[in-house]
Structures are given as structure tokens and as C-alpha cells.
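Hello,

Here is the structure I promised to pass along. Have a look at it first, and my notes on one helix and on the cysteines follow below.

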Amino acid sequence: MIIVGGGIAGASLGAEISAKRRTLIIEGESHCGYHSTGRSAAFYLESYGGADVAKLTTASRAFLMSPPPEFSDRGFLRMRGDLHIARGALPELPPSIDSRLVERAELEHLIPGIKPEWRRALFEPGCADIDVAGLHAAYLSRFRRSGGTVSTDARLRTGSRSKDKWELSLEDGTLLTAPILVNAAGAWADNVALACGVAALGVAPKRRTMVQLRVGRGGLKDLPLVDDADGTFYFKGEGEHTIWLSPHDEIPTDPCDAAPEEIDIAIAIDRFQSVVDWPIERVERSWAGLRSFAPDRLPVYGFDPDVPGFFWCAGQGGFGIQTSPAAAKSAAALLLGEAPDAMLAGVDPGAFSPRRFSRS
Ligand SMILES: Cc1cc2nc3c(=O)[nH]c(=O)nc-3n(C[C@H](O)[C@H](O)[C@H](O)COP(=O)(O)OP(=O)(O)OC[C@H]3O[C@@H](n4cnc5c(N)ncnc54)[C@H](O)[C@@H]3O)c2cc1C
């Protein structure tokens, strides 16, 4: 099997199958994780993405918290908690998510300097930081240990189906063949499909901006993730005096090496200043990445209904890291024609099938 893309999607799926099938990951960049996987906000938030995504996130929790010893000798989560703050109505969380109401007095204690209009919050204790680099590296390491090969600087140019196999041509002129092609190309998923003569699904990349801000206040490292009920910003403590902040932007773009725009950094800071009275000292760094969504904002895992041997592993939006353990196991079961892992009880893989899209 050939997997296009060595981000968390390709690496985690590869790790689940490489002991059973000869598998090659081709990654167009000089290292895996250069795009979305290396640019995330690195949190695990079960309420994020709606009820179907929440099932994948929750199913991944035990693995992320205490992975099997042969995978990693330590877990990938560090508990932080999330305060969903509100001026008016509180957000509605999926019923399965543990949360409690926080009134203004406690909110002032949890976020000293919070402005008076933020009246209350829902606290979601299960929110955690994810060690994304560690998780991605562990998946790549397991992939290789089980016999998989990673080729970097190996960009797919075109593919065609001939009899029962794919014939692939890379940008450097290399030719490859394989019976099954897995499309884990992130923001380029539709482009890869089109380059292989497969109809696109409408997986759309959207840019999101992150800012590391130094502020004139200490003790921030363990600050909860703070977001608003209207979905216009989030921030979390990074160092003692620094936070990671996002304006929660979602700007449609072509697939590219995304970079932050000054205006989005300014919007982020403006929204942050509407929450707390902390003096802003400087922007230490900023970055942007692409979150890619299918039209219904659910991920796509499964064989293309029209073209044999073409498997979709795309549309992971803003939840591709936190769902990766369960998503990879679910996709691997579909790919290998095996029964789903026990971890997936309660997850319906049909919800993520490419068959749900009409392409007439
Ligand atoms: C700012 C930001 C914050 C986020 N925060 C979170 C978070 O807190 N929690 C969370 O779970 N998720 C978060 N996400 C989402 C998460 O990062 C993504 O869902 C996930 O990284 C997608 O992984 P991927 O492997 O599909 O994509 P990528 O990591 O982009 O990997 C796709 C790879 O395919 C390669 N490729 C493309 N075309 C070709 C080709 N033709 N040939 C060879 N290789 C090719 C690319 O070079 C790329 O490396 C965030 C994303 C962003 C941008």
C-alpha cells in the first residue's frame, strides 16, 4: 500500500497496517509533520466538533492517556481543563461530555483580571494538552519498526489505475506501483484525488492563525484553555508569562504553506483584550496552518465508491490529532477488511464513509 502524506493521519494509519501489509508513506516535504500536524494548538477537547467527532475523540482518550507500553512508555496528555466563558447564553455541549457551571466569583478566581461582562462559564475538566510531536514520532517509529518505509521529498504528481494496481509518478520522476493508494494528503486531499483521476469530495482547506503572546502577568502556565461560547477566540497558558492565542479564524484558501496575516494577529489581540485586563508586552511568534473540512465537517475514511483501490483518509479539520488513535484503528479495519478494534465500540464508521457524498 502507498500512503500519500506523512502527517498524523498518514503516520497513524500506517502504524496500524504496516505489520500486515508492505506499506510506503510518500511525503512531499523534507520531513513529515511540516504542515497541519506541526502547527496545531495541541489540545484534546472532547466537546469539539459535534457528536460524531466527539465519539472518535472520547474513544481515543485511554490510548492517549496511557498507551500500550510497546507504543510508548509515557502518555501524551497533560490535563488542563477548558473554561467556555459566556457573556450571555452558555454553549451546548454534547450530553456525554462532563462539565460544570462556573459562576462569576469562581471565574474571577480562575482568570484573575477577567472583564465584568463575562458572567459565567462551563468548565470542561477533561480538556488536556497533547504532546503532538511525541505522538506523531511514536506513530512513525511504530510504522518503521513494523516494516513500513517513509520516503520524504517524494511528492506524488499523477496516478492512474491499470488493471488491479496504481501506477504512480512522483515529481522527481520515480515510478511506483501498488494495489491500494491511501489519500492522507491533508489540505491537498482533493488535489491528490484529481491527480489520480478520482472525483474530488470538496475537502476545503481553511487557514487558522496562532499567536504566542507575552503579557505582563505571571503564573499563566497552567491556565485552563479559555474559549467563548460564540467561537471567536481561544487562548491557553504556554509559559509563566506567555499564552497561545487564536482568533478562531477559518479563512478559505488554496492548499499552501500557510502564513499568518497581520490583520488576523491584530484581531486575535483585540478579542483577547476584550476578555482580560492583562497588559500585552509583545508578540513572540505567530504561525498559521490549514484545517481541512469535508462539506459536512466530518472526516472521510473509506474506499472511494467509484474507483477501486483508492482509500480516503482526509477532512480531519481541527480534530485530527485528538481523534488519531481511534480514527487510525477504524480506517485500518476498513482498509484491511477486519473487525473493528474494541476501542471503537460506539463509533459508527458509516458516518465517515465517502459514500455519504453524492457526486452525480
Ligand atoms: C492552527 C491549528 C490548530 C489546530 N489545533 C488542533 C488541536 O488543538 N487538536 C487537534 O486534534 N487538531 C488540531 N488541529 C488540526 C490538526 O492539526 C489536523 O487535523 C491534522 O494535523 C491533520 O493531519 P493530516 O495528516 O491530515 O495533515 P498534514 O499534517 O497537513 O499532513 C498531510 C501531508 O500530506 C503531504 N502531501 C500533500 N500532498 C502530497 C503529495 N502530492 N505527495 C506527497 N505528500 C503530499 C503534505 O506535505 C503533508 O505533510 C489544528 C490545526 C491548525 C492548523
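On one side of helix α6, the residues Glu262, Ile263 and Asp270 are exposed. Please keep in mind that this is a predicted model.

The helix itself runs over residues 262–273, twelve residues in total. From its first C-alpha to its last, α6 reaches 17 Å, close to the 16 Å expected at 1.5 Å a residue.

The other side of α6 is worth a look too. Its buried residues are Asp264, Ile265, Ala268, Ile269 and Phe272. Viewed down the axis of α6, these buried residues fall within an arc of 140 degrees, so they line one face of the helix. And what do the buried residues of α6 pack against? Their partners are β14 (204–215), β16 (234–237), β17 (242–246), β18 (251–252) and β19 (280–293).

Now to the cysteines, in case you were wondering about disulfides. A disulfide is a covalent bond between the sulfur atoms of two cysteines. With a cut-off of 2.5 Å between the sulfur atoms, the count comes to zero disulfides. For Cys32, the closest cysteine sulfur belongs to Cys313 and is 14 Å away, too far for a bond. Cys196 is in no disulfide either: the nearest cysteine sulfur, again that of Cys313, lies 15 Å away.

Are Cys32 and Cys196 buried or exposed? Cys32 is buried, with a relative accessible area of 13%, and Cys196 is buried as well, with a value of 5%.

Best wishes

Key
Residues are numbered from 1 along each chain as its sequence is written. This is a predicted model: local features need pLDDT of at least 70, side-chain atom pairs count only at pLDDT 80 or more; totals for chains, interfaces and linings use all residues. Side-chain values use heavy atoms; hydrogens and water are left out. Helices (H or I, at least four residues) and strands (E, at least two) are DSSP runs, numbered from the N terminus. The expected span of a helix is 1.5 Å times one less than its number of residues. Buried means under 20% relative accessible area, exposed over 50%, partly exposed in between (1.4 Å probe, protein chains only). The arc is that of the directions from the helix axis to the C-beta atoms. Contact means heavy atoms within 4.5 Å.
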